[in-house]
Amino acid sequence: MSADVTGVQDTARAGMALLDAATVADSMSTSDARLRLLSEAGLFESMPEGRARFTETPEVRAAIQRPLVSDRHTGVEIIAELVASICRP
């Protein structure tokens, strides 16, 4: 709502895109190929009780920020950009 007052709609759009990407990531099943690729890239840290934590690296940060400062992207597109840029052969 503050974007309406401050005129910073781009920031609000970026925030909504990140929330959308978080929803996409949260809904991925364990058999999702994107998760496998990110895991093979070493982006998950094992935690107690069989849990895992996503490891933020400068490359991950850049892959997520890149679509936020360029054209508008959906959550699915942000996840695809992350996988494509981090998991290049």
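Which pattern does the protein follow when you read along the sequence? Start at the N terminus in your viewer and trace the chain: the pattern is α-α-α-β-β-α-α. That comes to five helices and two strands. Keep in mind as you look around that this is a predicted model.

**Stop 1: the whole protein**

Show the C-alpha trace and turn it slowly. Along its principal axes, the trace spans about 45 × 30 × 20 Å. Now switch on the surface. The accessible surface comes to about 6,400 Å², and carbon and sulfur atoms account for 55% of that area. The protein has 89 residues, and 21% of them are buried.

You can also ask how the chain meets itself. Take the contacts between residues at least 6 apart in sequence: 49% of these join residues at least 24 apart.

**Stop 2: the largest pocket**

Next, select Ala25, Asp26, Met28, Leu35 and Ile79. Of the 19 residues that line the largest pocket, these are the closest to its centre. The pocket itself has a volume of about 490 Å³.

Now colour three helices: H2 (9-26), H3 (33-40) and H5 (75-86). These are the elements that give two or more residues to the lining of the largest pocket. The largest share comes from H2, with five residues.

What kinds of residues make up this lining? There are 13 nonpolar residues, three polar ones and three charged ones.

**Stop 3: the second largest pocket**

Keep H2 coloured and add helix H4 (58-69). H2 and H4 are the elements that give two or more residues to the lining of the second largest pocket. H2 gives the most here too, with four residues.

To see the lining, select Asp10, Arg13, Ala14 and Ala17, then add the run Pro67, Leu68, Val69, Ser70, Asp71, Arg72 and His73. The space in this pocket is about 170 Å³. Its lining divides into five nonpolar, two polar and four charged residues.

**Stop 4: Ser85**

Move along to helix H5 and select Ser85, which has its place there. Is Ser85 buried or exposed? Its relative accessibility is 16%, so Ser85 counts as buried, because buried means under 20%.

Show the side chain of Ser85 and look for the backbone oxygen of Leu82: the side chain reaches that oxygen at 3.3 Å. Then display Ala63 and Arg66. Ser85 touches both of them, leaving aside residues up to four places away in sequence.

**Stop 5: Thr57**

For the last stop, go to the loop between strand S2 (52-54) and H4, where you will find Thr57. How does Thr57 count at 21% relative accessibility? Thr57 counts as partly exposed, because that class lies between the 20% limit for buried and the 50% limit for exposed.

Zoom in on the side chain of Thr57. One of its polar atoms lies 3.1 Å from the backbone nitrogen of Val60. Finally, zoom out and select Ser27 together with Thr57. These two residues are 30 apart along the chain, and their C-alpha atoms are separated by 22 Å.

Definitions and conventions. Residues numbered from 1 in each chain as written. Predicted model: local features only at pLDDT ≥ 70, side-chain atom pairs only at ≥ 80, totals over all residues. Heavy atoms only, no water. 1 Å grid on protein atoms, 1.4 Å probe; cavity = no way out; pocket = protein on both sides within 12 Å on 5 of 7 lines; lining within 4 Å. Points joined across faces, edges and corners; volume = space filled by probe spheres on them. Nonpolar A, V, L, I, M, F, W, Y, C, P; charged D, E, K, R; others polar. Buried < 20%, exposed > 50% of the residue type's maximum accessible area, 1.4 Å probe, protein only. Contact = heavy atoms within 4.5 Å. Areas by Shrake-Rupley, 256 points an atom, 1.4 Å probe, with all protein chains shown as cover. Polar contact = N/O pair within 3.5 Å; in protein donor to acceptor, adjacent residues only side chain to side chain.
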